[in-house]
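Subject: The structure I promised you

Hi there,

Here is the structure I said I would pass on. Have a look at it first, and then read on for what turned up in it.

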Amino acid sequence: MALPSIVTVQTALSQLCKQTSGMRSIAVTDRDGVVVLRAPETAAEDPIASSVLTTIFSMAAVQSEKVKGLGSMNTILNTYSECYLLQVNMDVLVISIIVDKDANIGSIMALTPSIKELLQPTQLAIKRETEAA
């Protein structure tokens, strides 16, 4: 599924959530869990939970790189009783996608390269800011 040609990243992510069966929300955070973008914008999210989940992801990424032969971590898929949580590593950003339990998780995982491409300008801007600080 190709991403729609829409003006803003926020709008594109919101449209993707609407058009993708089973996709509840997408949150893009920095490594500390600070929300950069959220789709849909009205998605209720606990900021503490978001921060905790992002921190756990970041720590797992750093620790798993110490295991020889694995390379760098790209994604983690957590399975919960009510949903899936797919987290995608994007250097200074973490993409967290909440998906219904009965959704086709493989097709949603196949969207991650397109989502990363869409977020590349955001990633570069945040990387510049954090390196300048």
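In what order do the five strands of the open sheet come, and how are they paired? The order is 2-1-5-4-3, and the pairing is antiparallel. Strand 2 (35-39) and strand 3 (75-79) stand at the edges; each has a single partner strand, so one side of each is left without a neighbour in the sheet. On average, neighbouring strands of this sheet are turned by 15° against each other, direction ignored. As a reminder, strands of a sheet pair through backbone hydrogen bonds, either parallel or antiparallel.

Please keep in mind that this is a predicted model.

The overall layout

The protein chain has four helices and five strands. Read from the N terminus on, its elements run α-β-β-α-β-β-β-α-α. Of its 133 residues, 39% count as buried. Among contacts between residues at least 6 apart in sequence, 49% join residues at least 24 apart. The accessible surface comes to about 7,600 Å², and 56% of that belongs to carbon and sulfur atoms.

The sheet, pair by pair

Let me start with strand 1 (residues 23-30), which runs antiparallel to strand 2 and is joined to it by four bridges. Ala27, for instance, has Arg38 in strand 2 as its bridge partner. The two strands form a hairpin with four residues between them, and Gly33 in the turn has a positive phi of about 90°.

Over at the other edge, five bridges join strand 3 to strand 4, again antiparallel. Here Thr75 stands opposite Val88, and Ile76 is opposite Gln87. This hairpin has three residues between its strands.

Strand 4 (83-90) and strand 5 (93-100) are antiparallel too, with eight bridges between them. Leu86 of strand 4 faces Ile97 in strand 5 as its opposite residue. Two residues lie between these strands in their hairpin, and Asp91 in the turn has a positive phi of about 60°.

Why call strand 4 largely enclosed by the rest of the structure? Eight of its eight residues are buried, so the description follows from that count. Cys83, Leu85, Gln87 and Asn89 point one way from the strand, while Tyr84, Leu86, Val88 and Met90 point the other way.

Helices and cores

Helix 4 (residues 112-132) lies across strand 1, strand 2, strand 4 and strand 5, and runs at about 145° to strand 5. Helix 1 (residues 9-19) has Gln10, Ala12, Leu13, Ser14, Leu16 and Cys17 as its buried residues. Strand 1, strand 2 and helix 4 are among the elements that cover them.

In soluble globular proteins, nonpolar side chains tend to be buried together. In this model, the largest nonpolar core has 24 residues, and those with the most contacts inside it are Leu13, Met23, Ile26, Ile95, Ile97, Ile115 and Leu119. The elements that give two or more residues to this core are helix 1, strand 1, strand 2, strand 4, strand 5, helix 3 (105-109) and helix 4. A second, separate core of five residues includes Phe57, Ala61, Ile76 and Val94.

Leu13 is a good residue to click on if you want to see the larger core from the inside. Leaving aside its neighbours within four places in sequence, Leu13 is in contact with Ile26, Val28, Leu37, Ala39, Ile115, Leu118 and Leu119.

Two serines in helix 2

Both Ser50 and Ser64 lie in helix 2, which covers residues 47-64. Are they buried or exposed? Buried means under 20% relative accessibility here. Ser50 has 8%, so it counts as buried; Ser64, at 19%, therefore counts as buried as well.

The C-alpha atom of Ser50 is separated by 9.5 Å from that of Asp32, which is 18 residues away along the chain. As for Ser64, a polar atom of its side chain lies 3.2 Å from the backbone oxygen of Ala61. Beyond its neighbours within four places in sequence, Ser64 is in contact with Leu70, Gly71 and Met73.

Happy to talk it through whenever suits you.

Best wishes

Terms used. Residues numbered from 1 in each chain as written. Predicted model: local features only at pLDDT ≥ 70, side-chain atom pairs only at ≥ 80, totals over all residues. Heavy atoms only, no water. Buried < 20%, exposed > 50% of the residue type's maximum accessible area, 1.4 Å probe, protein only. Polar contact = N/O pair within 3.5 Å; in protein donor to acceptor, adjacent residues only side chain to side chain. Contact = heavy atoms within 4.5 Å. Pairing = 2+ DSSP bridges. Axes fitted to C-alpha atoms, helices over the stretch in contact; angles between N-to-C directions. Core = buried A, V, L, I, M, F, W, Y, C linked by side-chain atoms within 4.5 Å. Areas by Shrake-Rupley, 256 points an atom, 1.4 Å probe, with all protein chains shown as cover.
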